[in-house]
Amino acid sequence: LNQLWNLNLPDDALEKLAAEFGSDTAFFIRNKPALSEGRGEIITPVPFPASLPLLLMNFGFGSATAWAYKNLKLDAAKARESNARISTFLSSLPNLKSQISNLKSALPLHNDLETPVFRKFPILKLAKDFLSTHPSVTGAMMCGSGSTMMAILQSERESDSLRDAILQRFGNSVWVWTGHTLQ
């Protein structure tokens, strides 16, 4: 709309507006890797040393964010552990390009909302376990409050075989997309 209506609003103004539409919406304004905090409105760009192929899969149902947060039981120790993982990852970014093969251990892919959402929708836990153990997947997690799952692939050439494996395992009602977005 910014382009269509020739508003010429800067990205920071668009992020502020996007945050009014919903949690995590501001993240998509710049289309670049970033650390998203708070309810998704605090965006810190993160220079990422590689372009990685992604896979998204969705089961065609939603999971209410308000419900997920209401059922989240997060203790202080878990919060500290999560923050430590993120800090370690951010400090390792300058050296990450040479360690791209060891990316699985370096990525702090974590979503606290998985715990309550997986209890309500066990199929999502099965999907994450399937993705996480697939040899072509570097890391997997649930996006937001679900039901979309995200996987980072080791290489783009494996995306078709993983897509076929997902459809064979979970059926044709699962929507699957692959492409490069992290650059």
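# Close-up views of the predicted model

**View A. Aromatic rings around Phe-121.** Phe-121 is buried, its relative accessible area coming to 18%; the model shown here and in the other views is a predicted one. The cut-off for buried is under 20%, so Phe-121 makes it at 18%. How many aromatic pairs does a search of the whole structure find? It turns up 5. One of the pairs is Phe-59 with Phe-61, a tilted arrangement with 6.4 Å from centre to centre and 35° between the planes. Phe-59 is buried, at a relative accessible area of 15%, whereas Phe-61 counts as partly exposed at 27%. Phe-61 also pairs with Phe-121, again tilted, at 4.7 Å centre to centre and 35° between the planes. This second pair bridges distant parts of the chain: Phe-61 is in the loop between β3 and α2 (65-70), Phe-121 in the loop between α5 and α6, and the two positions lie 60 residues apart. Put the ring pairs together and you get a cluster of Phe-59, Phe-61, Phe-121, Phe-130 and Phe-170.

**View B. A lysine over a tryptophan ring.** Here the residues to look for are Trp-67 and Lys-120. Lys-120 lies over the face of Trp-67, 4.4 Å away from the centre of the ring.

**View C. The largest nonpolar core and its neighbour.** In soluble globular proteins, nonpolar side chains tend to be buried together. The largest nonpolar core in this model has 24 residues. Which of its members touch the most others? They are Leu-55, Met-57, Leu-131 and Ile-166. Several elements chip in with at least two residues each: the strands β3 (52-58), β4 (137-142) and β5 (149-153), along with the helices α5 (114-120), α6 (122-133) and α7 (159-170). Apart from this core lies another one, made of 6 residues, including Phe-48, Leu-54, Met-141 and Ile-152.

**View D. Met-57 and its contacts.** Leave aside residues up to four places away in sequence, and what does Met-57 touch? Its partners are Ala-127, Leu-131, Ser-147, Thr-148, Met-149, Ile-166, Phe-170, Val-174, Trp-175 and Val-176. Two of these, Leu-131 and Ile-166, are listed with Met-57 among the core members that touch the most others.

**View E. Ile-166 in helix α7.** Ile-166 sits in helix α7 and counts as buried, with 0% relative accessibility. Skipping residues up to four places away in sequence, Ile-166 touches Leu-55, Met-57, Phe-130, Leu-131, Gly-171, Val-174 and Val-176. Take Leu-131 as one of these: Ile-166 and Leu-131 are 35 residues apart along the chain, yet their C-alpha atoms are separated by 8.5 Å.

**View F. The β1-β2 hairpin.** Strands β1 (residues 34-37) and β2 (residues 42-45) run antiparallel and pair over 4 bridges. Which residue of β2 is the bridge partner of Ala-34? That would be Pro-45. The hairpin leaves 4 residues between the strands, and in the turn Gly-38 has a positive phi of about 70°.

**View G. Glu-15 and Arg-30.** Side chains of opposite charge can pair when their charged atoms come close. This structure holds 4 salt bridges. In one of them, Glu-15 meets Arg-30, with the closest N and O atoms 2.5 Å apart. Glu-15 belongs to helix α1 (residues 11-21) and Arg-30 to the loop between α1 and β1, so the bridge ties together parts that are 15 residues apart in sequence. Is each end buried or partly exposed? Glu-15 is buried, at 12% relative accessible area, while Arg-30 is partly exposed, at 32%.

**View H. Salt bridges of helix α6.** Lys-128 and Glu-114 join through their side chains in a salt bridge of 2.7 Å, N to O. Because Lys-128 lies in helix α6 and Glu-114 in helix α5, the pair ties together parts that are 14 residues apart in sequence. Both Lys-128 and Glu-114 are buried. Lys-125 and Asp-129 form another salt bridge, at 2.8 Å from N to O. These two are 4 residues apart in helix α6, so about one helical turn separates Lys-125 from Asp-129. Lys-125 is partly exposed at 37% relative accessibility, and Asp-129 is partly exposed too, at 33%. Elsewhere, salt bridges with shared partners join Asp-11, Glu-15 and Arg-30 into one network.

Methods: Residues numbered from 1 in each chain as written. Predicted model: local features only at pLDDT ≥ 70, side-chain atom pairs only at ≥ 80, totals over all residues. Heavy atoms only, no water. Core = buried A, V, L, I, M, F, W, Y, C linked by side-chain atoms within 4.5 Å. Buried < 20%, exposed > 50% of the residue type's maximum accessible area, 1.4 Å probe, protein only. Contact = heavy atoms within 4.5 Å. Phe/Tyr/Trp six-rings, centres within 6.5 Å; stacked < 30°, edge-to-face > 60°. Lys NZ or Arg CZ within 6 Å of the ring centre and 35° of its normal. Pairing = 2+ DSSP bridges.
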